[in-house]
Amino acid sequence: MLKGLLFDLDGVLTNSAKFHLTAWNNLAKELGIKLNQSQLDSLRGISRMDSLNLILKYGDQSDKYSLEEKEKLAAEKNAKFVEQVETMTPKDILPGIPELLAAAKRHNLKIVIASASKNAPKILRRLGIIDEFDGIVDPATLKHGKPDPEIYIKAQKIAGLKANEVISLEDAKAGVEAIKAAGQFAVGIGNQELLKEADYIVPDTSQLNLDEIEAEFNKR
Ligand code: G6P
Ligand code: MG
């Protein structure tokens, strides 16, 4: 029986994924690295340092910088990202999300955030929805980033539920892989080909309908 929803944040509740990608793309250009679309897409859902390491790998610069230099570069990217976050308002909640959260409340579902972002509380405050959630995984406590299932297993524990009692929502390939590795039902939001491992896929958040998703979930 469905008892909870576990939410990724960037690209699911709000379009902050595009701010991450723009900030990374600009930093990559500064480093003389040109990223193609599939390389950019591969950064979705990936932690800050893992993202920087991937970009350096794409540019054949894996050994170029010391840890201290990399921390400075990551902080530079984060400052640019946070500038964008400071402009966010409740109007930036993606279509269909308020309705989905309201439906979850009506069904008495636990709702927990499973985002790798250290900025998640800040973003949720800007969106005015932080109090709606029963919990937020603290990414600082994680040993492994997505696609490792650790974050979804933690979110499920915060909700006090079992893997077969939750539906988890993601816009990232690495995120869908993490959900499936945690043994949970995955809803993918976005590109069908990219998210093909998900149990249920919608092109965008406006197409999310709890009754329809739950009907699919109940068939498993
Ligand atoms: C989310 C985003 C990623 C981002 C990561 C870390 O998973 O999808 O694009 O790199 O969080 O975010 P942070 O705000 O801590 O740099
Ligand atoms: Mg995401």
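**Exercise 1. Locate P147 and describe the peptide bond from K146 to P147.**

P147 lies in the loop between strand 3 and helix 7; helices (H or I, at least four residues) and strands (E, at least two) are DSSP runs, numbered from the N terminus. The peptide bond from K146 to P147 is cis, with omega near 15°. Most residues other than glycine have a negative phi, and most peptide bonds are trans.

The model is predicted: local features need pLDDT of at least 70, side-chain atom pairs count only at pLDDT 80 or more, and totals for chains, interfaces and linings use all residues. Residues are numbered from 1 along each chain as its sequence is written, while chains are lettered from A and ligands numbered from 1 in the order in which they are written.

**Exercise 2. Place A181 and state its burial and its contacts away in sequence.**

Step 1. A181 is found in helix 8.

Step 2. With 16 other C-beta atoms within 10 Å, A181 is partly exposed. A residue is buried if 20 or more other C-beta atoms lie within 10 Å of its own, exposed if 12 or fewer, and partly exposed in between, with C-beta atoms placed from the backbone.

Step 3. Leaving aside neighbours within four places in sequence, A181 is in contact with P147 and P149; contact requires C-beta atoms, placed from the backbone, within 7 Å. A181 and D148 are 33 residues apart in sequence, and their C-alpha atoms are 7.2 Å apart.

Step 4. The buried residues of helix 8 are K173, G175, V176, E177, A178 and I179. Their cover includes helix 7 (150-159), strand 4 (166-170) and strand 5 (185-189). Just after helix 8, G183 takes a positive phi of about 80°.

**Exercise 3. Give the strand order of the open sheet and explain what is particular to strand 3 and strand 6.**

Step 1. The open sheet has six strands in the order 3-2-1-4-5-6, with parallel pairing. Two strands pair if DSSP finds at least two bridges between them.

Step 2. Strand 3 (135-136) and strand 6 (200-202) stand at the edges with a single partner strand each, so one side of each has no neighbour in the sheet.

Step 3. Strand 2 (residues 110-113) pairs with strand 3 in the parallel sense over two bridges. I136 in strand 3 is the bridge partner of I113.

**Exercise 4. Determine which domains supply the shell around ligand 1, and describe that shell.**

Step 1. The domain assignment gives domain 1 (4-15 + 91-219) and domain 2 (17-85); the bounds come from an automatic or database domain assignment.

Step 2. Both domains give residues to the shell around ligand 1, so ligand 1 lies between them.

Step 3. Ligand 1 is surrounded by 16 residues, and the closest are H20, R48, A116, S117 and K118. A residue is near a molecule or strand if its C-beta atom, placed from the backbone, lies within 6 Å of it. Helix 1 (16-30) and helix 3 (48-58) each supply at least two residues of this shell.

Step 4. By class, the shell has four nonpolar, eight polar and four charged residues. Ala, Val, Leu, Ile, Met, Phe, Trp, Tyr, Cys and Pro count as nonpolar, Asp, Glu, Lys and Arg as charged, and the others, Gly among them, as polar.

**Exercise 5. Describe how domain 1 and domain 2 meet.**

Step 1. The C-alpha centres of the two domains lie 24 Å apart.

Step 2. In domain 1, 17 residues are in contact with 11 residues of domain 2. Helix 6 (120-127) and helix 8 (173-181) each supply at least two residues of the domain 1 side, and the largest share, three residues, comes from helix 6.

Step 3. That side of domain 1 has six nonpolar, five polar and six charged residues.

**Exercise 6. State the phi values and burial of D60 and N108.**

Step 1. D60 lies in the loop between helix 3 and helix 4. Its phi is positive, about 55°, although D60 is not a glycine. D60 is exposed, with 9 other C-beta atoms within 10 Å.

Step 2. N108 lies in the loop between helix 5 and strand 2. Phi of N108 is near 55°, again positive in a residue other than glycine. N108 is exposed, with 8 other C-beta atoms within 10 Å.

**Exercise 7. Identify the best-connected residues of the largest nonpolar core.**

Step 1. A nonpolar core is a set of buried Ala, Val, Leu, Ile, Met, Phe, Trp, Tyr and Cys residues joined through C-beta atoms within 7 Å.

Step 2. The largest has 42 residues, of which L5, L6, F7, A114, Y152, A155 and I167 touch the most other members.

Step 3. Another core, of nine residues, lies apart from it and includes F19, W24, I46 and I55.

Key: Two residues are in contact if their C-beta atoms, placed from the backbone, lie within 7 Å.
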